[in-house]
Amino acid sequence: MTKSIVFTLCTFILCSISVYAQIPVNQIDNNGERHGLWSKDYHQTDQKRYEGVFKHGKEIDSFKFYTLSAGKSVLSAVKVFNEKDSIANVTFLASNKKVISKGQMNGKRFVGEWVFYHKNSSAKMIVENYNDEGLLSGERFVYYLNGGLAESAHYKNGKLDGEAKWFSEQNNLLRHTYYKDDKLDGKTSYYDADGNLTSEGSYIKNQKKGIWKYYTDGKVTKEIDHTTQTVISEKE
């Protein structure tokens, strides 16, 4: 009985492999659309460029994309499609199989949240958000390898718009400012590496305007009206 079962299983597996090996590749349906398993190699090579399944012209399930490295195909991206829309869950990979970034794409556009990782590490480097048009929108964060926050900024339709901050690896605030339509606009404060205030004032369309104060050891040492470029006060 045991030998019979083993023989039956082996026969089934061999038949399955044989059937799978005979699955047609790169087929076109009656409407001229790609259908079924597709696989393409790089021009005049036997190195794979991509492979995946189409359903009457629509990508479904997992697609694997490869890049050439030293003449060999190396997996560089995996896109997982569904049948409902054109959104795909995407993971980009380095040649050593480490994840570079992941998020969603609609065609060639990034959409929703994307996470980028430090080289050869699982530590997050950048977290950013894209709108349906593929433009940066909302908050964007940059992190040091140790996990500390390096930058935070707000975006609107691909442009800096709103509050933005920069920090040192020691978590000291280095700069605090505001943007409007991708230009410095509003109150801005600068700090040294130890977190001590060094200057403060306002920008209007990337230009310093109004009275700016400059500090040394916590004390005001100079005041300049940058609208008229006039030194109001200065201390040795």
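**How many salt bridges does the count come to by the rule?**

The rule first: a salt bridge is a side-chain nitrogen of Lys or Arg within 4 Å of a carboxyl oxygen of Asp or Glu. By this rule the count comes to six.

Some ground rules before the exercises. This is a predicted model, in which local features need pLDDT of at least 70 and side-chain atom pairs count only at pLDDT 80 or more, while totals for chains, interfaces and linings use all residues. Residues are numbered from 1 along each chain as its sequence is written, and side-chain values use heavy atoms, with hydrogens and water left out.

**Exercise 1. Work out where the model's coordinates deserve caution.**

Step one: recall that pLDDT is the predictor's confidence in each residue, from 0 to 100. The protein averages 92, and 90% of the residues score at least 70.

Step two: look at residues 13–20, where pLDDT is below 50 and the model shows zero contacts (heavy atoms within 4.5 Å) beyond near neighbours in sequence.

Step three: where pLDDT is low, the predicted coordinates should not be read in detail.

**Exercise 2. Take the pair Glu128 and Arg140, and describe its setting.**

Step one: get the distance. Glu128 and Arg140 form a salt bridge, with 2.7 Å between the closest N and O atoms.

Step two: place both ends. Strands (E, at least two residues) and helices (H or I, at least four) are DSSP runs, numbered from the N terminus. Glu128 sits in strand E9 (residues 124–130) and Arg140 in strand E10, so the pair ties together parts that are 12 residues apart in sequence. Strand E10 covers residues 138–143.

Step three: check the burial. Here buried means under 20% relative accessible area, exposed over 50%, and partly exposed in between (1.4 Å probe, protein chains only). Arg140 counts as buried because its relative accessibility is 19%. Glu128 is buried as well.

Step four: list the company. Leaving aside neighbours within four places in sequence, Arg140 is in contact with Ile126, Val127, Glu128, Glu151, Ser152, Ala153 and Tyr155.

**Exercise 3. Do the burial check for the pairs Lys48–Glu51 and Glu163–Lys165.**

Step one: Lys48 and Glu51 meet through their side chains in a salt bridge of 3.7 Å, N to O. Lys48 has 26% relative accessibility, so it counts as partly exposed. Glu51 is partly exposed too, at 24%.

Step two: for Glu163 and Lys165, the salt bridge is 3.9 Å, N to O. Glu163 is partly exposed, with a relative accessible area of 28%, and Lys165 counts as partly exposed at 26%.

**Exercise 4. Find out what the side chain of Glu200 does without a salt bridge.**

Step one: locate Glu200 in strand E16 (residues 197–204).

Step two: look for an opposite charge (Lys and Arg count as positive, Asp and Glu as negative; His and the chain ends are not counted). Glu200 is buried yet has no salt bridge, and the nearest side chain of opposite charge, Lys187, is 4.3 Å away.

Step three: look for a polar contact, meaning a pair of N or O atoms within 3.5 Å; within protein, one must be able to donate a hydrogen and the other to accept it, and residues adjacent in sequence count only if both atoms are side-chain atoms. The side chains of Glu200 and Tyr215 are joined by one of 2.4 Å.

Step four: among the residues Glu200 touches, not counting those up to four places away in sequence, are Lys187, Trp212 and Tyr215.

**Exercise 5. Locate the positive phi values at His56, Asp182 and Gln229.**

Step one: His56, not a glycine, has a positive phi of about 50°. His56 is found in the loop between strand E3 (48–55) and strand E4 (58–69), and is partly exposed at 48% relative accessibility.

Step two: Asp182 has a phi near 75°, again positive in a residue other than glycine. Its loop runs between strand E13 (173–180) and strand E14 (183–184), and Asp182 counts as partly exposed at 40%.

Step three: Gln229 takes a positive phi near 55° in the hairpin of E18 and E19, which has four residues between the strands. Two strands pair if DSSP finds at least two bridges between them; four join E18 (residues 219–225) to E19 (residues 230–234), and these strands run antiparallel. Asp225 has Thr230 as its bridge partner in E19.
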